[in-house]
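Here is a quick tour of a single model, from the inside out. Have the structure open as you read.

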Amino acid sequence: MAARLGSPARHSASHGRRSADSELSVGGERVQTAAGGGDERLPAEDTRRSHIGDQRESASQDLKGISVSNDSNWQGELGFAYRLGPGYGDGAEVLLEVNNVLETRTIYNVIGTIVGSTEPDRYVLLGNHRDAWVFGGADPSGGTACLVEVVRGFAYMLERGWRPRRTIKFCSWDAEEYGLVGSTEWGEHYGKILGNRAIAYLNLDIPVIGTHNLGLKTA
């Protein structure tokens, strides 16, 4: 039976989704909180207890560093100025309890293939995941941009008659955060074929990253 590794692979995976209810402790006291409608600021206005004022005062004194602006996404709903740090006050303790709901979701790996001219049964793989913890500017979009540009370059050469000696596979993994689920499922599914035919895998995850200073590293 011929093995095909070029079509999108579908897998089921459990992902944690943040529930509405959580518990926040500031200055040693616990407060039941809720966030409605996907709002990630804690706690929501309508679930504060009467003694939240004491906790506001405690947290306001304990937090250190530069204050965020009132219109910033970092500013929460506890009624005092949130700060960027560094650090927290000496001896202060914060306990945050979060309850997650696990759901089964379908994930998709997208695999593109250029069949080799001389050794089609030898695979060189380039890959990167495309899911992110948050906005994904560097991780994974930096690597995804590199992967797409490499694909574009090879397509340009194919149009002009070039073909690689060995088969090249371009892999866009789903569900890498958290647990490397997409690539693991694909690798396990095609484990015997890859063990016999794969000769190299080039990982393009976070090839370029930095803050105000540009930082570079190899894949």
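What follows covers the nonpolar cores, the salt bridges and a surface patch.

## What's packed inside

Keep in mind that this is a predicted model. Start with the largest nonpolar core, which has 9 residues in all: I111, Y123, L125, C171, W173, W186, Y190, I193 and L194. At least two residues of this core come from each of strand 4, strand 5 and helix 4 (191-197). There's also a second, separate core, with 7 residues, and I114, F154, I168 and F170 are among them.

As a bit of background, nonpolar side chains in soluble globular proteins tend to be buried together.

## Salt bridges

How many salt bridges does the structure hold? The count is 6. Take E119 and R166 to begin with: their closest N and O atoms sit 3.5 Å apart. E119 belongs to strand 4 and R166 to strand 5 (residues 166-173), so this pair ties together parts that are 47 residues apart in sequence. R166 comes out as partly exposed, at a relative accessible area of 33%.

Helix 2 has a pair of its own, R152 with E149, bridged at 2.9 Å from N to O. These two are 3 residues apart in helix 2, so about one helical turn separates them. How covered are they? R152 is exposed, with a relative accessible area of 54%, while E149 counts as partly exposed at 43%. Back with E119 and R166, there's a network to look at: salt bridges with shared partners join E119, R165 and R166.

Then there's E103, which forms a salt bridge with R105, with 2.7 Å between the closest N and O atoms. Both ends are partly exposed: E103 has a relative accessible area of 22%, and R105 has one of 43%.

## A nonpolar patch outside

Now for the surface. Which residues make the nonpolar patch there? W133, V134, F135 and Y178 do, and the patch covers about 660 Å².

To find V134, go to the loop between strand 4 (119-129) and helix 2 (141-159). Is V134 buried or exposed? V134 counts as exposed because its relative accessibility is 70%, and the cut-off for exposed is over 50%.

Methods:
Residues numbered from 1 in each chain as written. Predicted model: local features only at pLDDT ≥ 70, side-chain atom pairs only at ≥ 80, totals over all residues. Heavy atoms only, no water. Patch = residues over 30% accessible without salt bridge, like charges linked within 9 Å, V, L, I, M, F, W, Y side chains within 5 Å. Areas by Shrake-Rupley, 256 points an atom, 1.4 Å probe, with all protein chains shown as cover. Salt bridge = Lys/Arg side-chain N within 4 Å of Asp/Glu carboxyl O. Helix = DSSP H or I, 4+ residues; strand = E, 2+ residues; numbered from the N terminus. Buried < 20%, exposed > 50% of the residue type's maximum accessible area, 1.4 Å probe, protein only. Core = buried A, V, L, I, M, F, W, Y, C linked by side-chain atoms within 4.5 Å.
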